[in-house]
Amino acid sequence: MIGGLFVYNHKGEVLISRVYRDDIGRNAVDAFRVNVIHARQQVRSPVTNIAHTSFFHIKRSNIWICAAAKKNVNAALVFQFLYKMVEVMGNYFGKINEDNIKNNFVLIYELLDEIMDYGYPQNTDTGILKTYITQQGIKSQTKEETTKITNQVTGQIAWRREGIKYRRNELFLDVIESVNLLMSPQGQVLSAHVSGRVQMKSFLSGMPECKFGINDKIVVDSKRQEPGATSGGGNLGGGGKAGHIAIDDCQFHQCVKLSKFDTEHAISFIPPDGEFELMRYRTTKDISLPFRVIPLVREIGRTKMEVKVVVKSNFKPSLLAQKVEVRIPTPLNTSGVQVICMKGKARYKASDNAIVWKIKRMGGMKEWQLSAEIDMLSATDKAKKWTRPPISMNFEVPFAPSGFKVRYLKVFESKLNYSDHDVIKWVRYIGKSGLYETRC
Amino acid sequence: ASVSESLGNIRPWLQKVTTQAKTTDSKYFTTTRKGEIFELKAELNSERKDKRKEAVKKVIASMTVGKDVSTLFPDVVNCMQADNLELKKLVYLYLMNYAKTQPDKAIMAVNTFVRDCEDPNPLIRALAVRTIGCIRVDEITAYLCDPLRKCLKDEDPYVRKTAAVCVAKLHDIDPLLVEEQGFLDALKELLADSNPMVVANAVAAITEISDSAQTDTAADMLCWSGQLINKLLTALNECTEWGQVFILDAVANYMPTENNEAQNMIERVSPRLAHANAAVVLSAVKVIMKLLEMLDPNSDFVLSTIKKLSAPLVTLLSSEPEIQYVALRNINLIVQKRPDILKQELKVFFVKYNDPIYVKLEKLDILIRLTSAANIANVLAELKEYATEVDVDFVRKAVRAIGRCAIKVESAAERCVSTLLDLIQTKVNYVVQEAIVVIKDIFRKYPNKYESVIGTLCENLDTLDEPEARASMIWIIGEYAERIDNADELLESFLEGFADEQTAVQLQLLTSVVKLFLKRPTDTQELVQQALSLATQEADNPDLRDRGYIYWRLLSTDPAAAKQVVLAEKPLISEETDLLEPNLLDELICHIGSLASVYHKPPAAFVDGRGGGQVAKATKGLPSRLAAEAGGAAAAAAGGGDFGAGTGAPGRPAVSVIPTQESLIGDLLDIDMSGGATAAAAMAAASASTNQQPVDLLGEGLDSLLGGPAPSATSPVPPSGASAAAGGSGADSLADIFGGLGGGVGGGLGGGGGFDPPMETWLPAQKGKGLQIEGRFLRRGPQLSMELRLRNNAMQQLNGFAVQFNKNSFGLAPAQPLAMNPLAPQQSVTTLLPLNTKGPVQKMDPLLTLQVAVKNNIDIFYFACLIPMYALFTEEGDMDKRVFLSTWKDIPPENETQFNLGSYAHDADTASTMLRSFNVFTIAKRSVESTDMLYQCVKLTNGILVLAELKIVPQTNAYTLSLKSRHVEIYPGVHEAYLAVLKG
């Protein structure tokens, strides 16, 4: 298992060093710095083996977070743990940067002591950790309090404490999808998928059992007799023929009873208090692509290029897309750019080597165009080849491009006297661009 | 009530104070002043609590950045009693780091630990038991047992789950103690605990213990019943994500007895495939992949399970890049094992522009594996796109991939070739070179089909600067010499720079020139002669010379045969060239998700055999054995002497110097990450023990060979169990010695020839876990080799043998890997391991010590042996008289040393002949006043010259040897060699 955890700043100075096992020596810290952080070339792998010690690293802004191990550890677990560690630290003191880490190093050591023992990850749920790692000492706690804490840390429902009370029982569901597209210059879809997640914010009293219904084909088929108590939301967007979509794969928060999902296709769970990610899913079929980019690039001689880009929106005219941005890469030896566009603002950004075309709002079924003339310096230094990176797009639309729909979310709390009807529920759909690229 | 009220008021204020303190914590990182330690000491002993706390924080910060603050140990420990939990945790952190360096002072902390283990607050109890397990000091460990036993039965699950892990910690320090104290059983009981986290941690601890087990009880810890597996799978639902991984990884080791059980397990594990944690998913995939092997591959169940696996694997590719990388490495394995799983999912492996390079390279690999006639058009379009990217490695791989497509899908070969030609037109240097390499492969797969492109290739001849590309181009020219009009000119131009080329290019060039000659004999005779003479006369490389000679002789004796041989039809190359070997693949499938699957190597290849933990075990865990070993050598030598005198046989010291296993470990695997001190100490011990051996090892050995029945065979050898005179500690070693002699005699007689030394026991079976190794060094002409006789005294088959030498004084290293078939129980095999002297050199003490590691499927074993000096005498010792004379004079007279060799029956000429057969060259002979003087010279493998003057007085037959060399430290070895030869 993990032998040690190290955190470095961009210069390779150690900010945190916690050794869990005897087989990781002090010089392991230096080995990673010398061989990876100070290495001349670009990092070629997130896993590095130096003298029989394996180093796993991730980077957050300019902070290196590294785990070292001597044995044949579970690599996926190590990375997942590193992400989790970053998440926990983020929840405690915000952004991961050098100042925050130095200012909180005592807290970090305390956390590292708690979330990992002898290289084995323990409970890493921030909600629970916050009940007893407070940086204020816990000497004052009574016996009942501490037993409650320990029961929660180790318990079956490790993600929720008992005795939560709200005057208003309320829950919010956000269906957030990111659409990924790779399109050939001819308009052929090379690959497209939607990765979506259902973010839930719950303010519910007691230990409520929730049942969640979606319009997935399998789930719907097996649960046809179930009454479809949809709670608000949008009958919007395209996709979803006959109202059902085919989800390729989905993953759930640890509160969801996976065995029940497997046998009955029912998503049932006791939610953590506050905000959490209930599920993640992926679809590849029948995606309604909100935008289409049609590029036309013409090279005129060695020093001039003409670019024409058409953006078509492909959704209901009544809806508005926001934060639309098209990035058209330009060659490295660009000397000047003249841009004309019908709508929005377009500017050449020399620092990014791209023309950035921003459109604040764009309705459905529209077609806007940009044309640009690019002047280039004659390529002197033995033609550093320009590889024509793809044109990328960013946007936000108010529907789920996969056609995903929430059919119902029911809340049962047998011990307290509030029923499903008393709970106020909100649902929102957001479609965002993931990697949305068109080759040119 | 009033107190709590006022406390309520104070709280916000307190918070303010702490937040203030927080914002300034970073200042601790900046102080680097002189006298800092001194100031800290004062602050640590301050009366004020807050000041002490600040001071401890400073200490921890210093520790973090790598400063040595161990001198503050007693002062920090003094702060331990504090009732402030935050402070306590900091002090514990300090203790964990420095306790080992100050074991005597660490004892001071014991009482506090023991008291904390009884604290009413479970968080503190757990903290204490968690920390104490990390303090690896023997004295403290002894105090740990009682509190640990209590904590394992604690009413609070939080304490129990911490105690479970603590058992694993303790096992790492002292495995025997854990067994004696019954902690293994206590741990097993925790598997039935009502709390899921306790169960998960117990599983983790048991897995770890059985992995590093030294005894059967510990190793069997993981042999679980189906019933228990069932229970654990039920517990899965309630565990944290990490606990699920522990359980799944452990369950993966279980082999169900019948199909139904396997099927049932798969059904229960497959819901995990929908877990958000990638580690859970991959571990579930591992379990399922393993179990699938047991089932009928065509059954509906298997087919539907395989279908279920693809989606979760694809989903992993939308996680963070590092997880994607791990997933892709695993998918690479899975696709090789079961190509069906992902054959529909080609598109997800298309490379995205912003993917990190490591993800790009892996995707490309998988893309090629999934390529088929059905999807080749898509793949090719992608690859063409990739070949224009910026990253050189990626572009190369893409170009290579195009070539692989051509070889894999015949229908697409033509398109691939034209794509490659397009790429060559880009004139980008590395693209062109890579394309030429793959086109050569395409030619080999489809001979006589695409030769029309050769013209284009030849245009780019000048730009090729990489050996592989040059060799490929030269191959193409030679292979198609009859179609290239100016092939002779092209090859000639390559031949001009022959000496500067790398071997691969030189070999290829030689072959191609010969091919050309066979195809166009009339006008290329000169060229072929030039190439042959370059290869045979100017080249240093034996491969090249040999190949040159073979061609030469072939061409001169039978050109027709040469044609048949050189221009023979070549076998076609196969489609998949980079598949993993099936055995390795199966092993790696069992390691899905782990590092082994990322490296694509079995764990043994990258996990350090000793692992810090095991060293600790060896040195700390087996105190009784260690003592026996350390003192053993000395006791044995003395004991042996006494024994010999008693029976009238000559005193017989240990034949081989076998430093203790433990002492070797540190040095053989020269990893300096940890335990440097241990290794140094161990080496000192080793040399100490060897120094006590009488020097005359070889003579004795030879003597025993010729002396008829070995005395040791007839002498009343005490059985190894009898600890009579030498005491318990020496008994083992004594047995080794006699075992060694017996083996030596047998080996020597079997070897025959008379000049070969007897076999020595290098690794007795007790230390080799049943593997016994005897061996000796032989020189056959110029070839030095090590003859090994391996005997399997264990109950099971031994296989997977490999051998490695530590750095040694003469750079001896195996010239080839140890070729050994599996060794059945009670079988013994003699094998010859050729050696060269190209290994790393490090002066050893004693000079001729060679430390050897032998690996097999059981473990890695270490032993040391002495290289006989005469094995290092080379053929090149002969020299001119004048050179001898001037060299003799050149060496300062203080380097001259004289040895009295005793008297022998042979006269000067016989002695000279005898010595000559050991590469001791007699340069001149002189007789002065009826005394014969032989002037001799020896050259060692590392070029050291030793000049010798051997004086023989005929009347008394007394031999006196004077040695002169620039390196006096080799004299003892040479002296022994002379003795050995003259006696033999």
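How many residues does the contact take from chain B, and how many from chain A? It takes 118 residues from chain B and 95 residues from chain A. Keep in mind that this is a predicted model.

Let me stay with that interface. Chain B and chain A bury about 9600 Å² between them. Of that buried area, 55% is on carbon and sulfur atoms. Now the charges. Across the interface of the two chains there are 13 salt bridges. One to look at is A:Arg44 with B:Asp391. Their side chains meet at 3.1 Å, N to O. As for polar contacts, 43 residue pairs are counted between chain B and chain A.

Which element gives the largest share of chain B's side of the contact? That is helix H10 of chain B, residues 157-173, with eight residues. By residue type, chain B's side divides into 57 nonpolar, 28 polar and 33 charged.

A second salt bridge is worth a stop. B:Glu385 meets A:Arg439 at 3.9 Å, N to O. This pair crosses between chains. B:Glu385 is in helix H22 of chain B, residues 376-386. A:Arg439 is in the segment after strand E23 of chain A. Are these two residues buried or exposed? B:Glu385 has 29% relative accessibility, so it counts as partly exposed. A:Arg439 has a relative accessible area of 9%, so it counts as buried.

Next, chain A by itself. The chain has eight helices and 23 strands. It has 440 residues, and buried residues make up 56% of them. Chain A exposes about 18500 Å². Carbon and sulfur atoms supply 49% of that exposed area. Now take contacts in chain A between residues at least 6 apart in sequence. Of these, 72% join residues at least 24 apart.

Here is one residue to follow. A:Val339 is found in strand E17 of chain A, residues 334-341. Which residues does A:Val339 touch, leaving aside neighbours within four places in sequence? The list is A:Ala346, A:Ile355, A:Leu370, A:Ser371 and A:Ala372. Take A:Ser371 from that list. A:Val339 and A:Ser371 are 32 residues apart in sequence. In space, their C-alpha atoms are 5.9 Å apart. A:Val339 has 27% relative accessibility, so it counts as partly exposed.

Still in chain A, there is a salt bridge between A:Glu396 and A:Lys323. The N to O distance is 3.3 Å. This pair links distant parts of the chain, 73 residues apart. A:Glu396 is in strand E21, residues 391-397. A:Lys323 is in strand E16, residues 320-329. A:Glu396 has a relative accessible area of 21%, so it is partly exposed. A:Lys323 is at 57%, so it is exposed.

Over to chain B. B:Arg396 forms a salt bridge with B:Glu434. The closest N and O atoms are 2.6 Å apart. Here too the pair links distant parts of the chain, 38 residues apart. B:Arg396 is in helix H23, residues 392-408, and B:Glu434 is in helix H25. B:Glu434 has a relative accessible area of 3%, so it is buried. Which residues join B:Arg396 and B:Glu434 in one network of salt bridges that share partners? They are B:Arg400, B:Glu466 and B:Glu468. For the whole structure, the search finds 68 salt bridges over all chains.

Another charged residue in chain B is B:Arg776. It is found in strand E2, residues 771-780. Its relative accessible area is 4%, so B:Arg776 counts as buried. What does its side chain contact? The side chain of B:Arg776 makes a polar contact with the side chain of B:Glu787, at 2.6 Å.

Last, two backbone angles. A:Met365 has a positive phi of about 55°, although it is not a glycine. It sits in the loop between strand E19 and strand E20 of chain A. At 54% relative accessibility, A:Met365 is over the 50% cut-off, so it counts as exposed. B:Lys427 is not a glycine either, and has a positive phi of about 65°. Where does B:Lys427 lie? In the loop between helix H24 and helix H25 of chain B. Helix H25 is also where B:Glu434 of the salt-bridge pair lies.

Methods: Residues numbered from 1 in each chain as written. Chains lettered and ligands numbered in written order. Predicted model: local features only at pLDDT ≥ 70, side-chain atom pairs only at ≥ 80, totals over all residues. Heavy atoms only, no water. Contact = heavy atoms within 4.5 Å. Buried area = accessible area lost by both parts, 1.4 Å probe. Salt bridge = Lys/Arg side-chain N within 4 Å of Asp/Glu carboxyl O. Polar contact = N/O pair within 3.5 Å; in protein donor to acceptor, adjacent residues only side chain to side chain. Helix = DSSP H or I, 4+ residues; strand = E, 2+ residues; numbered from the N terminus. Nonpolar A, V, L, I, M, F, W, Y, C, P; charged D, E, K, R; others polar. Buried < 20%, exposed > 50% of the residue type's maximum accessible area, 1.4 Å probe, protein only. Areas by Shrake-Rupley, 256 points an atom, 1.4 Å probe, with all protein chains shown as cover.
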